[in-house]
Amino acid sequence: MKHPLFEHSDNYNAWLDGLQWPQGPSSQSQREWLFYSFLLILGSGYTAFALVAWGLGFHAGVLVNSLGIAAILTLGGLRHARIRLAPLVTALLAVTLAQALSITWLTGGIYSATISWLALAALPALLANTQQARILGLAVAWLLILGLYGYALMGGEIAMQIMPKDLIHWHFLMAVVIFGMQLALLYRMNTARNQRLHNMQLNRRNLRQVHQQLKNTQQQKDLFVASVSHELRTPMNAILGLADLIQHEKALNSDVRAKVEDIQKSGEHLLTIINDLLDHAQMEAGRLQVVSEPFNLRETLQNSFQLLKRRAETKPIQYQLSIDPHVPQWVMGDGHRLTQILVNLLGNAIKFTAQGQVELHCSAHIQHTTEPPMAQLRLSVRDTGMGIPTEQQHRVFQSFSQAHHSIARRFGGNGLGLSIAQGLVHAMGGQIGFESQAGQGSTFWVTLDCRLCDVQMGLTPIDDEALSDQAVRILIADDNPLNRQIASLQLRRHLPHAQVTEVEDGLQAFEAVRDGAQFDVILMDVQMPQMDGLNCARKIRTELPEPQCATPIIALTAKSGKEELARCLDCGMNECMHKPFNSRLLAERLLAYVS
C-alpha cells in the first residue's frame with residue numbers, strides 16, 4: 001500500500017504527462033462537471049451554427065448541426081439517467097469529430113477554413129480515463145485531416161456548398177466555442193492546481209510534525225543511552241574493581257586467583273559489549289567522536305597487542321607483533337580509539353583462527369615536506385583462520401551482521417565490532433578494508449594520516465616503588481558507598497601512605513573543602529544527590545579563597561563523550577576519567593597533580 005504522502009505527487013506527474021485525472025470520488029465529479037460543460041458549450045455552438053446556416057440557406061449545415069444538437073441532448077439525458085461516464089465520453093468524442101468532419105467536407109475539405117475546427121474537435125478525448133484513450137482520440141482527428149489531405153492530393157474534388165466569404169460568421173462562432181472549451185479546461189486546471197497546493201501544504205505540515213517527532217525521539221534516545229551508560233558502567237566499576245582488589249591479595253591461593261581472573265575477564269568482555277552498544281548508538285546518531293592529542297604510537301601498539309596475548313596463548317597459534325623501524329614514537333590522534341580498533345581486529349583474528357598465525361604489523365611513510373610533517377600509517381592484522389567466503393564479504397562491516405548465522409552460535413559476538421571499527425576509522429579520517437579467502441585466512445588493514453609530535457607529551461609510567469613514597473591527601477565524593485570503598489582501596493594499593501577522606505555528595509565535599517581541610521586532589525562523581533559534582537566544582541572555584549579554590553578536581557563519570565568532558569571542564573574541573581577506570585592510571589594522574 002502506497003503511503004498517502006506520495007499519492008498526490010504521483011497524480012500530479014501523471015497529470016502533467018497527459019492531463020491524467022486522479023482517481024477518486026472528487027475527481028469523478030470534476031470530470032463529470034467538465035463533461036456537462038462541454039455539452040453546454042458544444043450545444044450552444046451547434047445551435048448558433050444551425051441558425052447561421054439557416055440564414056445563409058446552407059441546408060446541409062442546418063441538418064448536421066441539428067443532428068449534433070440532438071446528440072448533445074441525448075448524451076446529457078443518458079448521463080442524467082446515471083449511465084457510466086466512460087462510454088458517454090467516447091460517444092461525445094465521436095459526435096464532435098463527426099460534426100466537424102461533416103462541416104469541413106461540406107465547405108471545401110482540406111481547403112476549408114473550418115479545418116481548424118476539425119483539429120480541435122478531439123478536445124473531449126481529454127476526459128477519457130486512460131492515456132491510451134486520450135491519445136487515440138487525438139489521433140483519430142489527425143487521421144481524418146490526413147485523409148482529407150490525401151484525397152486532395154489524389155485529385156479528388158469537393159463542391160463547396162457555401163462560399164468562403166460566407167464563412168466569416170462560422171470563423172467567429174468556432175472561435176467562441178473553442179474559447180469556451182479552453183475556459184472550461186483552464187478552470188479545471190486551476191482547480192486541480194489549488195487542490196495540489198492544498199495537498200502540498202498538508203504534506204509539509206505532516207512532514208514538520210514527523211520531523212519534530214523524530215527530533216523528540218532522538219532526544220529521548222540520547223537520554224536513554226546516557227542513562228544506560230551510567231547505570232551499566234557504575235556496577236561494572238564495582239565488579240571489575242573488586243575483582244582487581246581480590247586478584248592482588250598476596251594470600252590468595254592459585255585456584256581462587258584463577259577464578260577471580262575468570263571473573264575479571266568475563267567482566268571485561270561484558271564491558272566491551274556495553275561499550276560496543278553505546279558506541280553503536282552514538283554512531284547511529286552521528287555523534288561518534290574522536291579526539292586529537294599526543295599519544296605514544298609504539299606503546300599503543302604494544303598495549304593493544306598485549307591485551308589479547310593471554311587469549312591467543314590458549315590456542316596453538318603464533319601471536320606476533322611487527323613494527324617497522326621508521327614508525328614514529330609520538331603522533332597526534334586518538335590513542336584510545338586506535339586501541340579499540342586494534343583490539344576488535346585482533347580479537348576477531350584470534351577468534352576465527354584455530355591454529356596457525358596471527359600478526360599485527362605497522363608500517364609508516366613519513367612526509368617531511370609537509371608542514372607539519374605527517375606520517376601515513378598502515379596497520380594490518382593478518383591471520384591464517386577460516387577466512388570469509390566471497391559471497392558473504394559484503395556483509396562484513398554491517399551492524400549486527402556476521403558472515404553466517406552459525407558464527408554467533410559457534411564463536412559468539414554481537415556483530416558490532418567491525419562496524420564500529422569502520423565508523424571509528426572514518427571518524428579519524430582513515431580507510432579500512434580487507435582481503436580474504438575461505439579456508440586461507442584474512443588480512444584487515446587500516447590506513448591513517450597522523451601529524452608527528454616534536455615533543456613527547458605523554459605520561460611516563462611510574463613503577464610501584466615510586467608510587468609508594470607519596471603521601472597524597474585525597475577527597476573522594478561519590479554517593480555509592482561501594483564505589484568509594486573500591487576507589488579508596490585501589491588507591492591505597494598504589495599509594496600506601498595516601499590519606500583518603502570519603503563523602504557522600506557534592507554538598508559534603510564543598511563543606512569539607514570550605515571548612516579548612518587541605519586536599520591535594522579531589523575525585524568527584526558527577527551524578528550525586530543534594531548537590532551534583534558539577535555544581536560542587538563550580539562553587540569551589542567561585543566561592544572559596546586560595547588555596548582551596550585551586551584544588552585539582554578529577555571527574556569520575558560513567559558517561560562518555562565529548563559533551564560530558566566539556567561540561568566537566570566548563571564548571572572548573574581539571575579532567576575527566578570514565579568508569580570503570582584503570583586504578584594505576586588514576587594513581588598516576590593523581591601524582592601528576594601532586595608533583
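A residue is termed buried in these legends when its relative accessible area is under 20%. By that cut-off C536, at 0%, counts as buried. All views show a predicted model.

**View 1. Cysteines without disulfide partners: C450 and C536.** The search of the whole structure for disulfides returns zero. The sulfur of C450 has that of C362 as its closest cysteine sulfur, but the separation of 9.2 Å is too far for a bond. C450 is also buried, its relative accessible area being 7%. C536 likewise takes part in no disulfide; the nearest cysteine sulfur belongs to C571 and lies 9.1 Å away. For such a pair to count as a disulfide, the two sulfur atoms would have to be within 2.5 Å. C536 is buried, at 0% relative accessibility.

**View 2. Salt bridges around E32.** Eight salt bridges are counted in the model. In one of them, R79 pairs with E32, with 3.2 Å between the closest N and O atoms. This contact links distant parts of the chain, since R79 belongs to helix α3 (residues 59–80) and E32 to helix α2 (residues 25–56), 47 residues apart. R79 is buried because its relative accessibility is 5%, and E32 is buried with a relative accessible area of 15%. E32 forms a further salt bridge with R82, in which the closest N and O atoms are 3.6 Å apart. Because E32 lies in helix α2 and R82 in the loop between α3 and α4 (85–106), this pair ties together parts that are 50 residues apart in sequence. R82 counts as exposed, with a relative accessibility of 57%.

**View 3. The salt bridge between E502 and R484.** The closest N and O atoms of E502 and R484 are 3.6 Å apart, and the two residues form a salt bridge. E502 is placed in strand β9 (residues 499–503) and R484 in helix α15 (residues 481–494), so the pair ties together parts that are 18 residues apart in sequence. E502 is partly exposed, its relative accessible area being 38%. R484, by contrast, is buried, with a relative accessible area of 10%. As for the residues of View 2, E32, R79 and R82 are joined into one network by salt bridges that share partners.

**View 4. The open five-stranded sheet.** Five strands form an open sheet with parallel pairing, in the order β9-β8-β10-β11-β12. Strands β9 and β12 (575–578) are the edge strands, each pairing on one side only. From one strand to the next, the twist averages 20°. Strand β8 (residues 473–477) runs parallel to β9 and is joined to it by five bridges. Within this pairing, A477 stands opposite V503 of β9.

**View 5. Pairing of strand β4 with β2 and β5.** Strand β4 (residues 356–367) pairs with strand β2 (residues 317–323) in the parallel sense, over seven bridges. In this pairing I317 stands opposite G356 of β4. Strand β5 (residues 374–383) runs antiparallel to β4, and 10 bridges join the two strands. Here Q367 stands opposite M374 of β5. The connection from β4 to β5 is a hairpin of six residues. In general, strands of a sheet pair through backbone hydrogen bonds, in either a parallel or an antiparallel arrangement.

**View 6. The mostly covered helix α13.** Helix α13 spans residues 417–427, and eight of its 11 residues are buried. The buried positions are G417, L418, S419, I420, A421, G423, L424 and V425. Just after α13, G429 adopts a positive phi of about 80°.

**View 7. A nonpolar surface patch at W105.** W105, Y151 and M154 form a nonpolar patch on the surface. Together these three residues have about 350 Å² of accessible area. W105 is placed in helix α4. At 37% relative accessibility, W105 counts as partly exposed.

Definitions and conventions. Residues numbered from 1 in each chain as written. Predicted model: local features only at pLDDT ≥ 70, side-chain atom pairs only at ≥ 80, totals over all residues. Heavy atoms only, no water. Salt bridge = Lys/Arg side-chain N within 4 Å of Asp/Glu carboxyl O. Helix = DSSP H or I, 4+ residues; strand = E, 2+ residues; numbered from the N terminus. Buried < 20%, exposed > 50% of the residue type's maximum accessible area, 1.4 Å probe, protein only. Patch = residues over 30% accessible without salt bridge, like charges linked within 9 Å, V, L, I, M, F, W, Y side chains within 5 Å. Areas by Shrake-Rupley, 256 points an atom, 1.4 Å probe, with all protein chains shown as cover. Pairing = 2+ DSSP bridges. Axes fitted to C-alpha atoms, helices over the stretch in contact; angles between N-to-C directions.
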